[in-house]
Amino acid sequence: MSHSQRFYGCLFTLISFFIASNSQADVKDVELREHFGEQQFAPQGGFILKQGQKLPELVWEHPQQVARVVDQPAIPTRWFNERWEEVQTAQEPGRYYVYGAAPVPAGPVLRRAMTCCCVGSDLTLEELAQKWLQSQTHTSDTALQPDNVADLVRHWQHSEVGAVELAALLEADFKPGPVRRGQWQMENATRHVQLKRKLMGLDHKPLLKPTPRPREGEPAPVLRTAPLEQAGITAAQQKKIESKLAAWYAASSEPMAIVIARNGVIITAKGYGSVNGQPVTVDTPMKLDSAMKPLIGLQLATYLDRGFLRLDQPIGDILPDFDTPRDRSLTFRAAHVHATGIHFPWSLAFERLFYFHTWHEALIAHCKREWEPGSKYRYGVVGVILSVRALELLRGRNYWDAMERDLFQPLGIKNVLPGGTGFSAESLARIGVLLDNRGRYGKWEIISPETHAAILPTPLKPYLPELNMKYGIGLQDESHYLGPGSYGHGGGCGTLLVINPKQHLVFAMVRNGQGKEYKKYRTEVMALLKNWINE
């Protein structure tokens, strides 16, 4: 081979390398643009402030990536104190809220807000951490492990969750009473809803509260203990189902609690196993997962019932990021029957749990649209996230905070954890009895029978012509469990609610995991219950 041939060969290889490198960079930039909503930003220096300091700017977590696709990546930053006054200096200890409307390659700005905690100028985080750890372990300062102190300081400094916890501890002078898991985060989320309403110019509009109506005439059935005869069940049938449930737990060793009722009368109500060293009872909060969807659907139904919303109303009427031509067909119905057309992968859903993320729709607004809303079905969580974010703006509270006040209190539901991270079998059974009563419970009418009918599984074709299937608002057709007309919803953890409206039979089970032979025993239990119906 001549020198010229070698030269041109090397030149060709070099050019090919540059072309391939640029091509790969182009592909990465396309992916970055498509997933730009997942980019994170936070206050420069962390989430803990010192009294008297100038409030910092928001900065990107990966600024070099952002700079590849955004010409002016600086994030316009605004700060607010606890009175929602816009400020530039942390003049007093307490909570501060930072808001950014970050630039993006395309689409709506990436809106997010976070909570920070300002501590007094005469205190150090290490002293605060030592005080808290000492109060928890009842040991002297000298017995504290330095690593524990450092870990706690990092948690406060570098996470919003930590800053919220520190603010709550300071407000309680480090002597908080019993606090439910998630309580501080839920309260913080409600504060963010209030800030969001202010920033969107909604704070002057009245809050919409779907208050239950007192029921006229005879009270509707409630979940209660009464003679089995009132349930139309014999002692032998009761014994048989309880024997099967005991066998289920023996086979799986997975803790669970189950309430079965008919006409509101409890047939069986038992807990099996232990959680966190405590025996499981029907009042033990356990996971919901997707069994939360009936609760979210019922919450939406209260707004429909009062005329605050329409089921086939575009979500973009409430959430401006979705008031676009491509999203005008994205209605509350399309959202709840999993027909949004928005690609929101499960991995991202689990990574960014929506319970207390008030600004979540800004991420979803940047997710890929795969088809026209209402034209195809794909099970997921993105639709219900958008639904609750819309309801929050109307109600002025975090969706779960509002649910506890507007829905759970009238039903006497108490044993729950914020965000739906814990719900008891007894509480789930009350929801079942409410649904079986077509929206009424005791002296209350939560929703009218007409609204109840509107959320049941129904053919979707009259509303979404391209969907030839049945689905409800947070409710699925569960005829395969308890016979024709049965409906309800389950969760991946094994929690399950099923109602047979013809026989007024409610099955409510909560679990933290399916465990071994879940499908086998679920099928056998349902077969026994269907025999009651046939008998």
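Trp-346, Phe-350 and Leu-353 together make a nonpolar patch of about 320 Å² on the surface of this predicted model. Look for Trp-346 in helix H10, which covers residues 346-351. How much of Trp-346 is accessible? Its relative accessible area is 38%, so Trp-346 counts as partly exposed. That value fits a patch member, because residues need over 30% relative accessible area to be included in one.

Let's move on to a sheet. Strands of a sheet pair through backbone hydrogen bonds, either parallel or antiparallel. Here, 3 strands form an open sheet with antiparallel pairing, in the order E8-E16-E15. Which strands lie at the edges? They are E8 (213-214) and E15 (440-441), and each of them pairs on one side only. E8 is joined to E16, residues 444-445, by 2 bridges in the antiparallel sense. To find this pairing in the structure, start at Arg-213 and look across to Glu-445 in E16.

Next comes strand E22, residues 505-511. Is this strand mostly covered or mostly open? It is mostly covered, with 7 of its 7 residues buried. In a regular strand the side chains alternate between the two faces of the sheet. You can follow the two directions in E22: Leu-505, Phe-507, Met-509 and Arg-511 point one way, while Val-506, Ala-508 and Val-510 point the other way. The residues of both sets are buried.

E22 also has strand partners. Strand E9 (residues 256-262) runs antiparallel to E22 and is joined to it by 7 bridges; in this pairing, Met-256 stands opposite Arg-511. Strand E21 (residues 496-500) is antiparallel to E22 as well, with 5 bridges between them. Here Val-498 has Phe-507 as its bridge partner. E21 and E22 form a hairpin with 4 residues between them, and His-504 in the turn has a positive phi of about 55°.

Finally, visit helix H5, which has 12 residues, 160-171. From its first C-alpha to its last, H5 reaches 17 Å, close to the 16 Å expected at 1.5 Å a residue. Which residues of H5 are buried? They are Gly-162, Ala-163, Val-164, Leu-166, Ala-167, Ala-168 and Leu-169. An α-helix has 3.6 residues a turn, so residues three or four places apart point the same way. The cover over the buried residues of H5 includes strands E2 (48-50), E6 (94-102) and E7 (110-119), along with helices H3 (125-137), H4 (146-158) and H6 (183-199). After H5 comes Asp-173, which has a positive phi near 55°.

Note on methods:
Residues numbered from 1 in each chain as written. Predicted model: local features only at pLDDT ≥ 70, side-chain atom pairs only at ≥ 80, totals over all residues. Heavy atoms only, no water. Patch = residues over 30% accessible without salt bridge, like charges linked within 9 Å, V, L, I, M, F, W, Y side chains within 5 Å. Areas by Shrake-Rupley, 256 points an atom, 1.4 Å probe, with all protein chains shown as cover. Salt bridge = Lys/Arg side-chain N within 4 Å of Asp/Glu carboxyl O. Buried < 20%, exposed > 50% of the residue type's maximum accessible area, 1.4 Å probe, protein only. Pairing = 2+ DSSP bridges. Expected span 1.5 Å × (residues − 1). Contact = heavy atoms within 4.5 Å.
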